[in-house]
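Colleague: I am new to this structure and would like to start with a single part of it rather than with the whole. Please take me through that part closely and then show me what lies around it.

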Amino acid sequence: MAAQGQVAIVGIGETDYSRESGRSELTLALQAIMAALDDAGIAPHEVDGLMRWAVDTSSEAVVADNLGVRDLAWFGDITQAGNVGAALVASASAAIKAGLAEVVVIYRGVNGRSGRRYGSGEVTGQRGQGSAAFSEPFGLLTPQHGLAMMAQRRMHETGVTSRQFGMVAVTERAHANRNPRATFFDRPLTIEDHQESRLIVEPFRLYDCCLETDGGGALVLTSLERARDLKQRPAVIRAAAQHGYAAEREYTDTAAKFLAPRLWARAGMGPEEIDVAQIYDHFAPFVVFALEDYGFIERGEGGRFVESGEISWDGGALPVNTSGGHLSEAYMQGMNQLLEGVRQVRGTSTSQVENVGASFVDTGIGTGALILVPDA
Amino acid sequence: MTHEVTNIPGVPLGVGELLPPVPEPDNQKFWDALLSDELRIQRCTACGELRHPPQPMCPRCNGFDHEWALMSGRGSVFSYVVSHQAVHSSLRERTPFATVLVELDEGPRLVSNLVDVGHDEIEIGMAVAVVFHRVDEAIVLPLFRRAG
């Protein structure tokens, strides 16, 4: 296929993942950006576009100043929460296609364990203001509360069980045990460990919940034409889409139900053509729900699919979260899954799927997703 | 009826006192009605659509005009969660407790707590009815009890 009009991810970078980085979020972001630029073979001063999660504390202007970028041609951030990674890729890709920028870097640097912890009501609570007046007085203060409410309803509707959710965590841990960068590289997990772990907010148990991590990650995007002259095998963005409606208010289906038709239509392919998937596992049950709501399997079949090993790198029909995901590698709010989606196209994952023709990345259970393919 | 605070294990009476709502112009009448022991939900006068939480515009017909429709106060548990970890320092003495999502017979869903049901007794579909729980002079919370 001709390169014209196509955009690729040409550089990926990350820092170490830890519980206490000992450095600023800005430093983490910059270290990841430098690693990604080095990976791509692009000099910092060639960057003319920057994008970030709106919750990221390092502004584009400050990052540009550190990189020595004197004329930042295009920048932006996307609000909501951690779930905007693929939306940023969609926007950056559109900017490059429109000629607004040539080299765009997307970055995230966060002290999610030693700094602001997203599992804390003190951090995420709205002090009873706005719509929070209708949830916080009754004890719903953090993202996990609303998501647990949806998970409980979905268990009721489809019969999926906590043990089946546990198999998501166990499978991802097995992937992390193959990935030396993963937080839980050297710690195995059994289904019994999961079932015996303490309840956090029912129905979520401890091992249903993502990690809290200090670290940074970055992506470099440019046109496919230019990508062909760079160091790495390009991961071509076949399609990217975002969705901004608060579907969780329905408490029955995830946002993927809305996003999926647009994503598949834009890609000109269907879920059966995907070889490997990274899915935003803030909580293990949502991997099951995403598999169903994106159409990889029928609604209500997700639990059995996971239980029978189909999301495992080791012989599964659709390996999921092959780096260990948010549950066992790091919680970089979708960034680490974007990196892994690229690795699967390059052929460099520690749990590499053979002959990947299409690599799927969801970064928010339907708030954003993309499909990466090799250069034809 | 106004519900007196009682100390039932697993029942989160008092969470609302620790984390009170802050009424704002777009939802003040919801809270005002509760002071008179009435559960009223915003209803579009143009198309009749009920909406909650309150907001200025009807998402169905985009009308701004609305009234505050008196609800029967009856409904059922649509979903629930049980907080075992105190995610807020003020809740350390209160966990575990349940939060329910009640679907009113009229359709809208409200986040609330049950006043007479332990967190391990809750079932989806359980019939419930509103009780009015006074926090202070300015705030009454709509909580629910088992019905039928």
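Modeller: Let us begin with strand β1 of chain B, residues 40-44, which is joined to β2(B) by two bridges, the two strands running antiparallel. Before going further, please keep in mind that this is a predicted model, in which local features need pLDDT of at least 70 and side-chain atom pairs count only at pLDDT 80 or more, while totals for chains, interfaces and linings use all residues. Residues are numbered from 1 along each chain as its sequence is written, and chains are lettered from A and ligands numbered from 1 in the order in which they are written. Strands and helices here are DSSP runs numbered from the N terminus, with at least two residues (E) for a strand and at least four (H or I) for a helix, and two strands pair if DSSP finds at least two bridges between them.

Within the pairing of β1(B) with β2(B), B:R43 stands opposite B:L50. These two strands form a hairpin with five residues between them, and B:G48 in the turn has a positive phi of about 85°. β1(B) is also joined to β3(B), here by five bridges and again in the antiparallel sense, and in that pairing B:Q42 has B:W68 as its bridge partner. Taken together, the three strands form an open, antiparallel sheet of chain B in the order β2-β1-β3, whose edge strands, β2 (50-51) and β3 (66-70), each pair on one side only. As background, strands of a sheet pair through backbone hydrogen bonds, either parallel or antiparallel.

How enclosed is β1(B) by the rest of the structure? Four of its five residues are buried, so β1(B) is largely enclosed by the rest of the structure; a residue counts as buried if 20 or more other C-beta atoms, placed from the backbone, lie within 10 Å of its own, as exposed if 12 or fewer do, and as partly exposed in between. Over chain B as a whole, buried residues make up 40% of the 148 residues.

The sheet belongs to a chain whose secondary structure comes to two helices and eight strands, following the pattern α-α-β-β-β-β-β-β-β-β along the sequence. The radius of gyration of chain B is 16 Å, close to the 15 Å that the globule rule gives for 148 residues, so chain B is as compact as a globular protein of that length; this radius is taken over C-alpha atoms, and the rule is 2.2 Å times the number of residues to the power 0.38. Along the principal axes, the C-alpha atoms of chain B fill a box of roughly 45 × 30 × 30 Å. Among the contacts in chain B with a separation of 6 or more, 55% involve residues 24 or more positions apart, where two residues are in contact if their C-beta atoms, placed from the backbone, lie within 7 Å.

Chain B also touches chain A: 30 residues of chain B are in contact with 31 residues of chain A. On the chain B side, α1 (15-18), β4 (74-83), β5 (97-104) and β6 (109-112) each supply at least two residues, and β4(B) gives the most, with six. The residues of this side divide into 19 nonpolar, 11 polar and no charged; Ala, Val, Leu, Ile, Met, Phe, Trp, Tyr, Cys and Pro count as nonpolar, Asp, Glu, Lys and Arg as charged, and the others, Gly among them, as polar. Strand pairing reaches across the two chains as well, since strand β5 of chain A, residues 199-202, pairs with β4(B) in the antiparallel sense over two bridges, with A:E202 standing opposite B:V82.

For the partner itself, chain A has 13 helices and 11 strands, and 61% of its 376 residues count as buried. A compact globule with 376 residues would have a radius of gyration near 21 Å, and the 19 Å of chain A agrees with this. Its C-alpha trace spans about 55 × 45 × 40 Å along its principal axes. Of the contacts in chain A between residues at least 6 apart in sequence, 75% join residues at least 24 apart.
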